[in-house]
Amino acid sequence: MISVSDLEFRYGEGEFRLRVPELKVERGVVAACIGPSGSGKTTLLNLIAGIIVPQGGQVVTNQVDVAALSDEQRRSFRITNIGLVFQEFELLDYLSVLDNILLPYRINPALKLESAVKDRAVALAEQMGIGDKLERHPGKLSQGERQRVAVCRAVLPEPALMLTDEPTGNLDPANKGRVLDLILDYAKQSGATLLTVTHDHDLLERFERVIDIKEFGVIGGDER
Amino acid sequence: MKQTLYLAWRYLAYHKVKTAILITSITLIVFLPVGLRVLVDQSSQQLTARAVATPLVVGAKGSPLELTLNTLYFRSDFPEMMRHEQVTRIDTTGLALAIPMYVRFNAQGHPIVGTSLEYFDYRSLAIAEGRQMVTLGECVLGARAAAALGVGPGDFVISSPESVFDLAGVYPLRMKVVGVLAYSDSPDDEAVFVDVKTTWVIEGLGHGHQDLTQPDAATYLLSRDSANVVGNPAVVQYNEITEDNVDSFHFHGDISQFPVTAVIALSPDQRASALLQGRYQSPDETVQVVRPAEVMDELLGTILTIQSFITAGAVIVGLATLATAVLVFMLSLRLRRREIETLRKIGGSRASVATIMVSEIVVVLIVGVVLAGGLTFLTSHFGSAAIRVFITM
């Protein structure tokens with residue numbers, strides 16, 4: 001579950017300010033966050049994930065006040081609780097598809113890379129239709145395939161909260177549906193909470209809840 | 001740590017060219033000064049060892065270095081000639097055993113060393129195969145020369161002409177191989193040893209031909225009187241010395257005036273050595289006595305000076321390369337900012353991300369140092385052979 005109250009955030013001394021008086025997303029709910037470009041959708045996602053911290057207010061994610069945690073604590077919290085899918089996929093070119101999926105396990109000592117995890121990664125890749133491309137590098141994949149790799153990487157640690165930033169933003173209609181299906185299926189099957197940032201209004205009907213960031217107080221400039 | 005090393009390795013393996021350039025740079029930075037040092041130490045050792053074992057060399061006045069290099073290492077550049085009478089001169093003093101050396105010709109790139117049998121005892125050269133040379137035209141080969149020419153006892157080697165365009169010059173002589181020396185890890189391994197008289201035959205100072213005093217040789221005669229027999233150009237000259245024709249070989253002129261390039265003088269003690277050197281101090285003297293150890297020390301002094309310049313240069317280039325490598329790493333970190341952010345976003349701690357980057361540098365350094373170590377090892381094992389080839393070139 002996500003609970004945000006009296007949140008205030010700004011980048012340095014810039015004009016952009018994000019104010020969220022109150023936002024709640026219940027456990028197991030699949031929600032979409034919409035709003036114009038530069039309105040603070042990605043910033044809100046980063047605040048919830050603990051990647052950045054607000055200047056004021058509270059961000060409670062899975063009953064933990066993320067803003068009150070230290071940098072190291074927020075990192076540990078993120079590893080065990082949150083699956084992130086980025087708009088630009090954020091895959092590492094020098095790793096194979098399988099190694100990209102297993103990356104959270106390779107850089108976090110808290111996550112043990114056992115053979116069962118590898119088997120699960122392979123199964124996930126097959127489920128996503130990229131099972132035959134495990135040894136390829138991201139540079140050799142299509143946009144849709146790369147996004148599916150990113151989704152596999154986010155889902156593999158079985159997080160209780162999925163935060164996805166424009167996961168279908170760079171995809172053709174066929175791949176859009178496929179990737180969204182996979183994310184929604186995971187959320188439904190695991191009971192995870194899902195918050196997806198999107199500007200694609202055609203997809204909104206597939207979400208239980210739609211949050212329009214314009215309802216919050218966004219002042220001036222563009223978010224970074 | 002295993003996972004960190006794995007990620008570092010994957011990065012380096014994916015960026016093969018960049019990694020190869022960095023490793024090559026590190027290898028050269030480490031190897032150049034170290035390898036050069038090893039090479040110089042080895043060359044010093046090699047040059048010094050043979051020079052110290054050769055107390056005195058007598059030769060015509062000129063460059064002591066040329067004389068030493070020719071006599072000890074059989075360099076193809078031969079020094080000024082001196083007459084064979086100098087061998088007798090030393091012998092008659094009773095102050096040293098004189099070993100003549102005539103190193104001028106070669107057989108397919110291997111120096112032909114004209115000397116006496118005392119040379120083999122003095123250098124402790126043992127016959128590994130066959131026997132010692134006994135008569136004119138026989139030769140004994142060093143181990144490497146025999147292997148390189150693919151010959152053994154019973155085979156033949158032919159001296160190489162000095163110039164194919166010089167019709168009046170040195171003609172090839174076919175020499176019978178009667179023995180092969182045991183490997184000695186010295187320039188002797190590369191040589192073709194013959195009696196000094198055989199080298200005079202090669203030079204054309206002695207020759208063999210049909211016996212014109214026989215009645216059946218009348219068709220080869222231009223004229224005959226009580227004192228002289230003059231043959232015509234149809235007289236067959238031998239280009240090989242065999243048991244059948246060896247008696248026909250003879251030298252024209254006074255053998256004491258025939259050339260040698262040097263004499264190795266082996267004095268029984270220091271006193272005799274000092275006395276012998278004293279005999280050659282006159283300003284009118286046409287020959288010189290050199291102490292090879294001193295000549296080589298002087299040469300090594302020059303080499304060490306050059307080495308220190310080269311080392312200084314290598315260190316400066318090394319530091320510049322290292323600075324470039326550091327710059328490459330720093331630029332690489334800037335280019336990888338997004339990747340670093342991704343690693344942090346998906347849960348990598350600052351320490352684990354930094355460890356991955358540092359591991360990449362450490363792996364490159366270790367591989368570079370190991371390769372430099374390997375090259376240094378190869379230099380220490382094969383450098384001496386390379387130096388020998390260089391010296392005997």
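Q: What makes both faces of strand E9 (residues 192-195) of chain B count as covered?
A: Start with the source: this is a predicted model. A residue is called buried if 20 or more other C-beta atoms lie within 10 Å of its own. B:Val192 and B:Val194 pass that test on one side of E9(B). B:Phe193 and B:Asp195 pass it on the other. Both faces are therefore covered. The split fits a general rule: in a regular strand, side chains alternate between the two faces of the sheet.

Q: How do you know that strand E4 (residues 110-115) of chain B and E9(B) pair, and in which sense?
A: Pairing needs at least two bridges. E4(B) and E9(B) share four bridges, in the parallel sense. Look for B:Gly114, which stands opposite B:Val194.

Q: What makes strand E6 (residues 138-141) of chain B a partner of E9(B)?
A: Apply the two-bridge rule again. E6(B) and E9(B) have three bridges, and the sense is antiparallel. Here B:Cys139 has B:Val194 as its bridge partner.

Q: How many residues of chain B count as buried, as a percentage?
A: The share is 33% of 393 residues. Chain B has 11 helices and 16 strands.

Q: How do you know how far helix H7 (residues 173-190) of chain A should reach?
A: Count 1.5 Å for each residue but one. H7(A) has 18 residues, and the expected value is 26 Å. From first C-alpha to last, H7(A) reaches 26 Å, close to that expectation.

Q: Why are the buried residues of H7(A) said to line one face of the helix?
A: The buried residues are A:Lys176, A:Val179, A:Leu180, A:Leu182, A:Ile183, A:Tyr186 and A:Ala187. Seen down the axis, they fall within an arc of 150 degrees, so they line one face. Helix geometry helps: with 3.6 residues a turn, residues three or four places apart point the same way.

Q: What do the buried residues of H7(A) pack against, and which exposed residues does the face turned away carry?
A: The buried residues pack against strand E3 (30-34), helix H6 (143-155), strand E7 (161-165) and strand E8 (193-197) of chain A. Exposed means 12 or fewer C-beta neighbours. The face turned away carries exposed residues, including A:Asp181, A:Asp185 and A:Lys188. Just after H7(A), A:Gly191 takes a positive phi of about 75 degrees.

Q: Why does the span of helix H5 (residues 115-127) of chain A agree with the 1.5 Å rule?
A: Its 13 residues should span 18 Å, and the end C-alpha atoms are 18 Å apart, which agrees.

Q: What puts the buried residues of H5(A) on the same side?
A: A:Ala121, A:Leu124 and A:Ala125 are buried. They cover an arc of only 100 degrees around the axis, which puts them on the same side of H5(A). They pack against H3 and H6 of chain A. On the other side, exposed residues include A:Ser115, A:Asp119 and A:Glu126. A:Gly129 follows H5(A) with a positive phi, near 85 degrees.

Q: Where is confidence lowest in chain A, and where is it highest?
A: The scale runs from 0 to 100. Strand E10 (residues 217-219) of chain A is lowest, at a mean of 53. Helix H3 (residues 97-101) of chain A is highest, at 94. Over residues 220-224 of chain A, pLDDT is below 50. Chain A averages 85, and 96% of its residues score at least 70.

How values were computed:
Residues are numbered from 1 along each chain as its sequence is written. Chains are lettered from A and ligands numbered from 1 in the order in which they are written. This is a predicted model: local features need pLDDT of at least 70, side-chain atom pairs count only at pLDDT 80 or more; totals for chains, interfaces and linings use all residues. pLDDT is the predictor's confidence in each residue, from 0 to 100. Helices (H or I, at least four residues) and strands (E, at least two) are DSSP runs, numbered from the N terminus. Two residues are in contact if their C-beta atoms, placed from the backbone, lie within 7 Å. The arc is that of the directions from the helix axis to the C-beta atoms.
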